Amino acid sequence: MTKTGKSSLFPTYARFPITLVKGESSRLWDDTGKEYIDLMSGIAVTNLGHAPQAVKEKLVEQLDQLWHVSNLFHIPNQEKLASLLTDNSCADAVFFCSTGAEANEAAIKLARRYSQKVLDNGRYEIITFNMSFHGRTLATLTATGQDKVKEGFHPLPGGFTYAPYNDFEAVRSLVNDKTCAIMLELVQGEGGVLPADPTFVKQIAELCKQQNLLLIVDEIQTGVGRTGKLFAYEHYGIEPDIFTLAKGLGAGFPIGAMLGKAFLAEAFGAGSHGSTFGGTPIATAAGIAAIETVIANKLPERAAELGAYTIEKLESKLAGNPLIGRVRGVGLLIGIECKQPAGEIISEIHKQGVLVIPAGPNVIRLVPALTIPKEDLDKALDVVCAVLAEKAAASTTSAV
């Protein structure tokens with residue numbers, strides 16, 4: 001706080017009136033001692049719950065050895081984590097950074113550089129989608145298909161065009177002699193928890209092959225087991241040329257990654273890109289522990305089972321509720337569509353001891369840890385449904 005009693009922070013976040021001070025598994029406590037069941041996981045970050053023991057042990061071990069060195073030296077943890085990722089995906093090479101926006105920025109740069117320095121065709125345009133979200137850097141907010149994140153930041157970089165989501169003909173009509181890549185989320189998280197149509201995704205993948213375009217998949221929110229597969233692209237039977245990770249990759253410790261096919265390595269030679277804090281010994285230690293835990297404990301499979309259970313339970317308990325549209329999602333990335341703005345509903349759910357987040361103005365997003373105890377999940381879902389029932393009853397009464 002400043003001397004005037006005001007916060008010294010820029011007011012860039014519309015914060016909930018809650019101060020969280022402790023977390024364990026899927027429980028959180030605020031500074032008054034109130035306990036919450038966490039169905040937001042730091043926006044799909046704490047996939048293993050809060051303070052997971054396996055990650056903690058790996059971090060403590062690394063803290064006693066080495067914290068930071070420049071990427072001008074070899075870092076064994078980077079090699080190990082990169083191998084874990086490539087051995088369990090379609091990728092052949094990894095670039096480490098600190099955030100999802102950085103990972104997507106690297107993907108954009110790699111796509112352009114491959115076209116211009118390797119293929120020598122001068123292409124630079126990337127097709128993205130309405131209601132997408134790819135980050136807050138100038139390039140990634142421009143790639144984002146939502147005008148609200150761009151206000152006040154003009155002039156924006158050129159080189160991006162936008163298509164309606166799940167509309168293949170619209171995408172095809174945008175391809176021209178300057179197009180180098182198509183970039184999409186397989187579930188639009190910030191856009192309202194909207195899964196991509198399987199036929200649409202396969203058509204996009206085929207179009208990229210036909211037109212010699214790169215297919216970039218943003219897995220910042222969907223990756224690391226969240227959707228019921230280790231990576232969401234596995235649901236669709238495709239192999240992206242490039243995909244990006246962050247959020248759950250470090251189980252709460254900041255780390256991002258851009259992964260790509262071997263043929264792209266030529267475009268990212270020495271000096272072409274970098275990140276001071278990308279892939280530090282500490283960050284990659286967290287990543288190693290997180291990926292090993294997710295795979296060893298079959299957490300993608302658990303996410304698939306619990307996700308199907310959650311959607312079925314919500315659809316059953318919310319059937320007939322006039323405030324509710326659809327319940328949709330994949331794995332443990334689930335949205336409850338409301339027929340009115342969801343802000344007040346979310347605030348009431350918080351007051352009842354369950355933490356959820358919005359996805360757009362009228363969707364309640366549920367992204368619990370992949371390790372959440374089933375009894376915690378059941379209790380939290382009961383609270384969510386009870387609040388929605390009360391809001392529906394109040395709405396009906398006020399309308400009479």
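This is a short walk through one protein chain, from its domains down to a few single residues.

Okay, some housekeeping to begin with. We're looking at a predicted model, so bear in mind that local features need pLDDT of at least 70, side-chain atom pairs count only at pLDDT 80 or more, and totals for chains, interfaces and linings use all residues. Residues are numbered from 1 along each chain as its sequence is written, and side-chain values use heavy atoms, with hydrogens and water left out.

Let's start with the domains. The chain splits into domain 1, which is 20–51 plus 298–398, and domain 2, which is 53–297; those bounds come from an automatic or database domain assignment. Taken over C-alpha atoms, the centres of domain 1 and domain 2 are 27 Å apart. The contact between them takes 31 residues from domain 1 and 30 residues from domain 2, and contact here means heavy atoms within 4.5 Å.

Now the sheets. A word on labels: helices (H or I, at least four residues) and strands (E, at least two) are DSSP runs, numbered from the N terminus. Two strands pair if DSSP finds at least two bridges between them.

One open sheet has 7 strands in the order S4-S12-S11-S10-S7-S5-S6, with mixed pairing. Which strands stand at its edges? Those are S4 (93–97) and S6 (160–163), each with a single partner strand, so one side of each has no neighbour in the sheet. On average, neighbouring strands of this sheet are turned by 20° against each other, direction ignored. Axes, by the way, are lines fitted to C-alpha atoms, for helices over the stretch in contact, and angles run from 0 to 180 degrees between N-to-C directions.

Inside that sheet, S11 (residues 242–245) pairs with S12 in the antiparallel sense over 4 bridges, and Leu245 stands opposite Ala257 in S12. Then there's helix H4, residues 100–118: it lies across S4, S5, S6, S7 (179–184), S10 (214–218), S11 and S12, running at about 165° to S11.

There's also an open sheet of 4 strands, in the order S1-S2-S3-S15, again with mixed pairing. At its edges stand S1 (20–24) and S15 (354–355); each has a single partner strand, so one side of each is left without a neighbour in the sheet. Strands S2 (residues 27–30) and S3 (residues 35–38) run antiparallel, joined by 3 bridges, and Trp29 stands opposite Glu35 in S3.

On to the annotated residues. UniProt positions are given in the numbering used here, feature names are shortened, and annotations may be inferred rather than shown by experiment. In an unreviewed entry, UniProt puts "binding site" on Arg136 and Ser275. From this set, the lining of the largest pocket takes in Arg136. For the record, a pocket is found on a 1 Å grid over the protein atoms alone: it is an open set of points where a 1.4 Å probe fits, with protein on both sides within 12 Å along at least five of seven lines, and lining residues have an atom within 4 Å of a point.

Are these two residues buried or exposed? Arg136 is exposed, with a relative accessible area of 58%, while Ser275 counts as buried at 15%. The cut-offs: buried means under 20% relative accessible area, exposed over 50%, partly exposed in between (1.4 Å probe, protein chains only). Arg136 lies in the loop between S5 (125–129) and H5 (138–143), and Ser275 lies in the loop between S12 (256–260) and H8 (281–296). Leaving aside residues within four places in sequence, Ser275 touches Asn71, Phe95, Phe96, Cys97 and Glu102.

The unreviewed UniProt entry also lists Lys247, as "modified residue: N6-(pyridoxal phosphate)lysine". Lys247 is found in the loop between S11 and S12 and is partly exposed at 22%. Among the residues Lys247 touches, not counting those up to four places away in sequence, are Ile43, Ala44 and Gln221.

Last, some backbone oddities. Most residues other than glycine have a negative phi, and most peptide bonds are trans. Here, a cis peptide bond joins His154 and Pro155, with omega about 5°; Pro155 is in the loop between H5 and S6. Ser41 has a positive phi of about 50°; this residue is in helix H1 (residues 41–44) and is buried, at 1%. Met131 has a positive phi too, about 70°, but Met131 is in the loop between S5 and H5 and is partly exposed at 36%.
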